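Work through the exercises below with the sequence and the model open. Try each task before reading its solution.

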Amino acid sequence: MAINNIKQLTNVIFNPISGKSIILNSHFLSPEKIISSFTSRREFSTFSDDITAHTASEEVDESGHNEFLKWHKGGGMFHKLASIDPTALIDFGAVIHSGSFVGGNVHVGSGAVVGPNVTIGHSTKIGYNVALANCTIGDSCVIHHGVCIGQDGFGFYLDKDGTMVKKPQALKARIGNNVEIGANSCIDKGSWRDTIIGDHSKIDNLVQIGHNVVIGRCCMLCGQVGIAGSVTMGDYVTLGGRVGVRDHVTIVSKVRLAAASCVTKDITKPGDYGGFPAAPIREWRRQVASRCQTSK
């Protein structure tokens, strides 16, 4: 095709290298830009035969990140020092950083960032725009869209000059096997001990779990639960929606808390609790009934 006729093209041009169509802007591109789009090495997988090294180096030069390559299954990016099982699917737009391990049959969604030295067990699904850092994720977990795991906890103190100083947050968050974490929930990493979520626990959307929290097996946390730092929970604990738990509280196994309750001190006996401050469920109901009668 003559160069003079290129400007006459419609807004859709077929790329013979990639087998895809290119949708042009409403403003015509220059002939040089059209030709360069045909020959862009970004259309190739870095695992293609005979062009692997060349493709990787060209892509590195263009992006400026000379340690990242394109994953062959899904098109996401990975650091050359990451360990990824060949069966893993890493969607376009996801990034796996150095030192991370991604197990077999893992699916990492678009926009997800797996930070350095993160471990993801086999058959785990990572949703869109998930951020993982300083953490390990067990086998067969489901991490829904927008979840953040392993960020700094909320820890500060006043120094001798009255200045607010951040406490070191240097440990990890550890998620067990068969755990499900709902969209936009946050789990902070530890400062003096690792934050731990036990096997088979289920966490709803918009849940905040502070640093150093330890949650046992088969626990259920409903939407908007907030757990302050250094809380310890046993197994089979259920927290209704919007339950709040103050810092350094211990809750034994097999406790259920009614929605909107607030735990302000240790719960040492299994059973049902409710209210603010949380009390055994029958006592709380009597308090509510008494207040209703008094108001009349």
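The exercises go from the whole chain to its sheets, then to single residues.

The model is predicted, so local features need pLDDT of at least 70 and side-chain atom pairs count only at pLDDT 80 or more, while totals for chains, interfaces and linings use all residues. Residues are numbered from 1 along each chain as its sequence is written, and side-chain values use heavy atoms, with hydrogens and water left out.

**Exercise 1. The chain as a whole**

Task: State the secondary structure, burial, surface and contacts of the chain.

Solution:
- Step 1. The chain has four helices and 35 strands. Helices (H or I, at least four residues) and strands (E, at least two) are DSSP runs, numbered from the N terminus.
- Step 2. Of the 296 residues in the chain, 38% are buried. Buried means under 20% relative accessible area, exposed over 50%, and partly exposed in between (1.4 Å probe, protein chains only).
- Step 3. The chain has an accessible surface of about 15900 Å², and carbon and sulfur atoms hold 56% of that surface. Accessible areas come from the Shrake-Rupley method with a 1.4 Å probe; for residues, only the protein chains shown count as cover.
- Step 4. Among contacts in the chain with a separation of 6 or more, 14% are between residues 24 or more positions apart. Contact means heavy atoms within 4.5 Å.

**Exercise 2. The sheet that contains E13 and E16**

Task: Give the strand order, the edges and one pairing in detail.

Solution:
- Step 1. The order E3-E4-E7-E10-E13-E16-E21-E24-E27-E30-E33 describes an open sheet of 11 strands with mixed pairing. Two strands pair if DSSP finds at least two bridges between them.
- Step 2. Strand E3 (68-70) and strand E33 (262-263) are the edge strands, and each pairs on one side only.
- Step 3. Strand E13 (residues 131-132) runs parallel to strand E16 (residues 148-151), and two bridges join them. Leu132 is placed opposite Ile149 in E16.

**Exercise 3. The sheet that ends in E35**

Task: Find which strands lack a second neighbour, then follow the chain around E34.

Solution:
- Step 1. Here 11 strands form an open sheet, again with mixed pairing, in the order E6-E9-E12-E15-E20-E23-E26-E29-E32-E34-E35. Strand E6 (89-90) and E35 are at the edges with a single partner strand each, so one side of each has no neighbour in the sheet.
- Step 2. Strand E32 (residues 255-257) and E34 run parallel and are joined by three bridges. Arg256 has Asp272 in E34 as its bridge partner.
- Step 3. E34 pairs with E35 in the antiparallel sense over two bridges. Gly274 is opposite Ala279 in E35.
- Step 4. E34 and E35 make a hairpin with four residues between them, and Gly275 in the turn has a positive phi of about 95 degrees.
- Step 5. Pro277 is in the loop between strand E34 (271-274) and strand E35 (279-280). The peptide bond joining Phe276 and Pro277 is cis, with omega of about -5 degrees.

**Exercise 4. Two asparagines with positive phi**

Task: Locate Asn117 and Asn129, and give the phi and exposure of each.

Solution:
- Step 1. Asn117 is in the loop between strand E10 (113-114) and strand E11 (119-120). Asn117 is not a glycine, yet has a positive phi of about 60 degrees. With a relative accessible area of 47%, Asn117 is partly exposed.
- Step 2. Asn129 is in the loop between strand E12 (125-126) and E13. Asn129 has a positive phi near 55 degrees. With a relative accessible area of 53%, Asn129 is exposed.

**Exercise 5. Loop residues and their contacts**

Task: Is His211 buried or exposed, and what does His211 touch?

Solution:
- Step 1. His211 is in the loop between strand E24 (208-209) and strand E25 (214-215). His211 counts as buried, at 12% relative accessibility.
- Step 2. Not counting residues up to four places away in sequence, the residues that His211 touches include Phe154, Gln169, Asp188 and Lys189.
- Step 3. Phe154 is in the loop between E16 and strand E17 (156-158). Phe154 is exposed, with a relative accessible area of 71%.

Task: Which residue lies 38 positions along the chain from Asp139, with C-alpha atoms separated by 4.8 Å?

Solution:
- Step 1. Asp139 is in the loop between strand E14 (135-137) and strand E15 (142-143), and is partly exposed at a relative accessible area of 25%.
- Step 2. The residue is Asn177. Leaving aside neighbours within four places in sequence, Asp139 is in contact with Gly121, His122, Thr124, Asn177 and Asn178.
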